Amino acid sequence: MSVQRNAIIFAWILLLPALLYVTAIVAYPLVDTFILSFTDASLKKTTNWVGWANYDKIFNETFAEVIIRTFVWTFFSVSIKMIIGTFGAAMLNAAVPGRALFRVLTMPPWIVPMAIGIFMWGWMYNGQFGMISGMLQRFGLVDGPVAFLAQGSTAFWATVITDVWIGVPMVTLYMLAGMQAIPQDLYEAAWTDGAGRFYRFRRITLPLLVPSMITMSMLSLISTFNSFDIIWILTRGGPSGETTTMIIDTYKTAIGSNKYGEGAARAVLICIFLSIFCLCYFRVTSRLSANDKR
Amino acid sequence: MREPPQLINRYKWYEILGIYAGIAIFLTFVLAPFVEGFLVSLKPLSQLFSSPYRFIPENGSFEAYHTMWEHVPGFARYIVNSFVISGAATVIVLILVVPAAYAFARFEFRGSGLLLGAFLAVNMFSGAVLLIPLFRLMRSLGVLNTYFAMIVPGVAFLIPSAIWLLRTYMARIPRELDEAAFVDGASHFYTLRRVILPIAMPGIVVVAITTFIGAYAQQFIYALTFNSKSEYAPLPVGLFAYFGRQEVVWNELMAASFVGIAPAMIVIFFLQRYLVSGLTAGAVKQ
């Protein structure tokens with residue numbers, strides 16, 4: 001018994017440093033954000049309690065638009081990432097010569113400093129001289145130069161595509177790991193029964209990949225919802241707010257205009273959405289594993 | 001009689017063609033910005049700012065790789081800063097994570113699963129969500145515009161994946177080793193230091209590398225917000241100031257970017273085998 005207790009005390013001692021660190025840098029600021037969201041904190045020396053005023057202000061402004069835009073942006077980014085990533089994983093899972101090299105070649109967008117990858121996209125989107133506009137003109141698809149980041153509709157998609165590009169390597173390698181974990185016997189059994197390659201993919205690979213897909217969509221959803229660097233570097237939320245997502249709006253309010261209280265209220269809203277996503281995720285996965293056991 | 005299983009992987013010619021075409025399309029999307037960025041770094045400015053657009057540089061040269069050192073004054077400093085920030089972050093992460101991962105891998109106590117979940121949930125709040133209180137915290141500590149302010153917050157968001165990776169690795173070490181040491185009268189701490197750490201070293205190295213790469217790749221928002229002195233700026237923020245100017249000297253910016261990503265590329269090149277397995281380890285339930 002005392003051996004057992006010793007072990008538990010030892011485990012807690014091992015965990016303590018990391019626990020304290022995360023408490024100081026994540027848990028405490030989280031609570032502080034919540035408290036600040038009910039105040040008018042700013043650069044001024046005094047801070048007053050304002051109750052729900054910051055939240056009232058949020059819902060009276062054009063904030064509904066920002067929320068909808070954030071969800072649309074996130075939805076498209078995550079879906080496209082999942083589609084391209086699963087496609088890439090299926091291709092890289094095929095036993096063809098050179099696949100080890102191809103797998104390594106998918107990694108650069110993930111490993112390179114994010115900001116630098118974004119600079120490259122910034123040039124590609126350049127209207128006068130950039131590659132995409134230039135290629136489109138050369139193939140006669142558009143008449144004049146297209147300044148992708150200067151118009152709201154194209155800037156929106158430009159930021160989505162850059163986000164997809166940064167997220168695809170992780171999705172691809174994760175889905176690849178998922179595909180490789182599927183027992184080979186299943187394929188062999190199907191093969192001896194005469195099932196074709198495409199049929200095997202559709203009836204074995206895809207169904208068994210569902211848990212991996214759910215996990216990856218979830219992870220991707222959280223990071224995409226929080227995505228800041230891409231939009232900030234490419235457009236800073238512009239032109240005229242057309243790429244302003246919740247996180248960009250929070251940053252502009254809090255750091256740009258020093259309205260910490262109002263910014264904190266926005267941050268709290270983001271946390272609430274993220275928590276809802278997580279709850280949904282846990283419900284879905286627990287239902288899935290319950291189905292497995294049955 | 002069963003035929004040899006390799007036959008299942010024998011492709012018809014059109015299947016091979018289709019797979020390579022698919023890989024080509026996929027890799028074009030992934031690598032196009034790098035190819036274009038590299039070609040831009042070779043083009044003289046006069047050719048860059050001319051239409052119609054030409055993909056292949058004419059009289060391309062590495063001139064931008066020389067001139068950028070003059071035009072981006074702090075460039076060498078930015079790279080050093082990036083390494084200092086990532087290096088310090090990696091050391092702190094390892095100090096915190098190695099014991100924690102061992103605790104999660106070996107000891108079962110009430111609430112351990114919940115606590116692990118709480119650590120993983122930290123990633124939910126990465127980015128700008130906690131920026132306001134962190135900014136106020138850094139200001140009241142008087143550490144704005146120091147390395148400290150850029151290192152400390154980032155570490156918290158590198159901890160979850162490091163714990164997850166290392167825990168998976170350590171859980172694979174046979175328990176008999178701990179028990180044998182314990183029977184011989186070794187303390188828990190001695191067992192960790194003399195038995196587990198040496199065996200777990202390859203895993204720790206992978207975690208160190210992935211953490212360093214993560215720290216190197218993600219240093220933007222905290223450095224942008226908590227530091228306004230360009231002499232402390234890491235590479236992404238240093239180049240961002242340059243990128244934000246009216247007249248961007250694109251060929252030099254791209255040249256600087258390529259020099260800046262060289263360290264990460266070298267790491268990938270030498271450690272690719274460990275990385276692909278390391279980054280996805282624990283991804284799949286065993």
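These legends walk you through several close-up views of a predicted model with chains A and B.

**View 1. Chain A is a chain of helices.** Welcome to chain A, where the secondary structure comes to 13 helices and 0 strands. Reading from the N terminus, you meet α-α-α-α-α-α-α-α-α-α-α-α-α. Of the 294 residues in chain A, 43% count as buried. Among contacts in chain A with a separation of 6 or more, 67% join residues that are 24 or more positions apart.

**View 2. The outline of chain A.** How many Å does the C-alpha trace of chain A span along its principal axes? The spans are about 80 × 75 × 30 Å. The radius of gyration of chain A is 24 Å, whereas a compact globule of 294 residues would have one near 19 Å.

**View 3. Annotated segments of chain A.** An unreviewed UniProt entry gives the annotation "transmembrane region" to residues 7-31, 71-92, 104-125, 155-177, 208-234 and 264-284 of chain A. Two of these segments are worth a closer look. Residues 7-31 of chain A are 100% helix and 0% strand, with end C-alpha atoms 32 Å apart. Residues 155-177 of chain A are likewise 100% helix and 0% strand, and the end C-alpha atoms of this span lie 34 Å apart.

**View 4. Chain B and its two domains.** Chain B holds 12 helices and 0 strands, and 44% of its 286 residues count as buried. For contacts in chain B with a separation of 6 or more, residues 24 or more positions apart account for 79%. The chain is divided into domain 1 (5-61) and domain 2 (67-280). Between the C-alpha centres of these two domains of chain B there are 32 Å.

**View 5. Where domain 1 of chain B meets domain 2.** Here 7 residues of domain 1 of chain B are in contact with 7 residues of domain 2 of chain B. On the domain 1 side, the elements that give two or more residues are helix H1 (13-42) and helix H2 (45-48) of chain B. Which helix gives the largest share of that side? The largest share comes from H1(B), with 4 residues. By residue type, the domain 1 side divides into 4 nonpolar, 2 polar and 1 charged.

**View 6. Where chain B meets chain A.** Across this interface, 79 residues of chain B are in contact with 80 residues of chain A. Several helices of chain B each supply at least two residues to the side that touches chain A, including helix H4 (75-106), helix H9 (188-218) and helix H12 (250-280). The largest share, 16 residues, comes from H1(B). Sorted by type, the residues on the chain B side are 62 nonpolar, 14 polar and 3 charged.

**View 7. The largest nonpolar core.** This core has 162 residues, and those touching the most other members are Val97(B), Ala100(B), Ile159(B), Ile163(B) and Leu166(B). Helix H7 (residues 147-171) of chain B gives the largest share of the core, 16 residues. Why does the core lie between domain 1 (5-61) and domain 2 (67-280) of chain B? It lies between them because both domains give residues to it.

**View 8. Zooming in on Ala100(B).** Which residues does Ala100(B) touch, leaving aside those up to four places away in sequence? In chain A, Ala100(B) touches Leu14(A), Leu15(A) and Ala18(A). In chain B, Ala100(B) touches Ile163(B), which is also named among the core residues that touch the most other members.

Conventions:
Residues numbered from 1 in each chain as written. Chains lettered and ligands numbered in written order. Predicted model: local features only at pLDDT ≥ 70, side-chain atom pairs only at ≥ 80, totals over all residues. UniProt positions renumbered as here; feature names shortened; annotations may be inferred. Rg over C-alpha atoms; globule rule 2.2 N^0.38 Å. Buried ≥ 20, exposed ≤ 12 C-beta atoms within 10 Å, placed from the backbone. Contact = placed C-beta atoms within 7 Å. Core = buried A, V, L, I, M, F, W, Y, C linked by C-beta atoms within 7 Å. Domains from an automatic or database assignment. Nonpolar A, V, L, I, M, F, W, Y, C, P; charged D, E, K, R; others polar.
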